[in-house]
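User: I am new to this structure and would like to go through it step by step, with the reasoning behind each answer.

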Amino acid sequence: ATLPPFSGHSGRVTQRLFLAVWPPPEVISELAAALPTHLSELRWQPSWRWHITIAFLGQRSADKELSRLDRLQAPAAEPVSLQGAGAFGPVLWVGVTSGDWLPHLAHDCGRQFHAGDRRFRAHVTVARARSTSAQRQLEAARSAMAEFGSRTWVPDQLTLVSSRTGPRPTYEVIGRKPFRSP
């Protein structure tokens, strides 16, 4: 992983960080092919942003969180698949089926990274509704995706990601923690 420059201010430079698991390219392709992108009122997220957030950390010192990632006892990964769809307010998401290991990982990361005790619902955000007409299309998209199911895969790593929001958002993986072999 490429680390961003710290200019000698280790521990004082903060970035917006989160922990994530990324679907493999073949699952991304399956999901992209299944989305009802003809519903043009929705703001579709580009596929490079599709991930499963394990823990949102907020503004943090990257080097401190990299140290925590190094100390994390990574579990053995188990099979995961994308299944169905739903909505949180204006957000259209695709669900994740994982068994208990992924919620346990989120809980452990919440403790290790002092991220609080947030309810974990594994999902991949695929679109957002920004207007009343888009909200109607969001429901149509949710219904169209209700039966979606991807192939199963076993994730190979947990990533620490730096994100920049705004008109040109970016994600940069700054740390990786391999999962143990099953």
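**Questions on the predicted model**

Analyst: This is a predicted model, and a good place to begin is Ser 150, which is buried, with a relative accessible area of 10%.

User: Where is Ser 150 found, and which residues is Ser 150 in contact with, leaving aside its neighbours within four places in sequence?

Analyst: Buried means under 20% relative accessible area, and Ser 150, at 10%, is therefore buried. Ser 150 is found in the loop between helix H4 (132-145) and E7. Once neighbours within four places in sequence are left aside, its contacts are Val 27, Glu 30, Ser 81, Leu 82 and Gln 83.

User: Is Glu 30 buried, partly exposed or exposed, and what is its relative accessible area?

Analyst: Glu 30 is found in helix H1, which covers residues 25-34. Not counting residues up to four places away in sequence, Glu 30 touches Phe 148, Ser 150 and Arg 151. Partly exposed residues lie between the limits of 20% and 50%, so Glu 30 counts as partly exposed, with a relative accessible area of 21%.

User: How far apart in space are Glu 30 and Asp 63?

Analyst: Along the sequence, Glu 30 and Asp 63 are 33 residues apart. Taken from C-alpha to C-alpha, their separation in space is 36 Å.

User: Which helix holds Cys 109, and what is the separation between the C-alpha atoms of Cys 109 and Ala 55?

Analyst: Cys 109 is found in helix H3, and Cys 109 is buried, with a relative accessible area of 0%. Apart from residues up to four places away in sequence, Cys 109 touches Leu 19, Ile 54, Ala 55, Leu 72, His 114 and Leu 158. Although Cys 109 and Ala 55 are 54 residues apart along the chain, their C-alpha atoms are separated by 6.6 Å.

User: Is His 114 buried or exposed, and what is its phi near?

Analyst: His 114 lies in the loop between H3 and E6. The limit for an exposed residue is over 50% relative accessible area, so His 114, with 57%, is exposed. Most residues other than glycine have a negative phi. The phi of His 114, by contrast, has a positive value, near 50°.

User: What volume does the largest pocket have, and which element gives the largest share of its lining?

Analyst: The volume of the largest pocket is about 1,000 Å³. Of the 38 residues that line the largest pocket, His 51, Thr 53, Phe 56, His 123 and Thr 125 are the closest to its centre. The lining divides into 16 nonpolar, 12 polar and 10 charged residues. Its largest share, five residues, comes from H3.

User: How many helices and strands are there in the chain, and what is its radius of gyration?

Analyst: The chain has four helices and eight strands, and from the N terminus on these elements run β-α-β-β-α-β-β-α-β-α-β-β. The globule rule gives 16 Å for 182 residues, and the chain comes close to that value, so the chain is as compact as a globular protein of that length, with a radius of gyration of 17 Å.

User: What percentage of contacts between residues at least 6 apart in sequence join residues at least 24 apart, and what percentage of the residues are buried?

Analyst: Among contacts in the chain between residues at least 6 apart in sequence, 79% join residues at least 24 apart. Of the 182 residues in the chain, the buried ones make up 47%.

Technical notes
Residues are numbered from 1 along each chain as its sequence is written. This is a predicted model: local features need pLDDT of at least 70, side-chain atom pairs count only at pLDDT 80 or more; totals for chains, interfaces and linings use all residues. Side-chain values use heavy atoms; hydrogens and water are left out. On a 1 Å grid over the protein atoms alone, a cavity is a set of points where a 1.4 Å probe fits but cannot get out, and a pocket is an open set with protein on both sides within 12 Å along at least five of seven lines; lining residues have an atom within 4 Å of a point. Grid points are joined across faces, edges and corners, and a volume is the space filled by probe spheres set on the points. Helices (H or I, at least four residues) and strands (E, at least two) are DSSP runs, numbered from the N terminus. Ala, Val, Leu, Ile, Met, Phe, Trp, Tyr, Cys and Pro count as nonpolar, Asp, Glu, Lys and Arg as charged, and the others, Gly among them, as polar. The radius of gyration is taken over C-alpha atoms; the globule rule is 2.2 Å times the number of residues to the power 0.38. Buried means under 20% relative accessible area, exposed over 50%, partly exposed in between (1.4 Å probe, protein chains only). Contact means heavy atoms within 4.5 Å.
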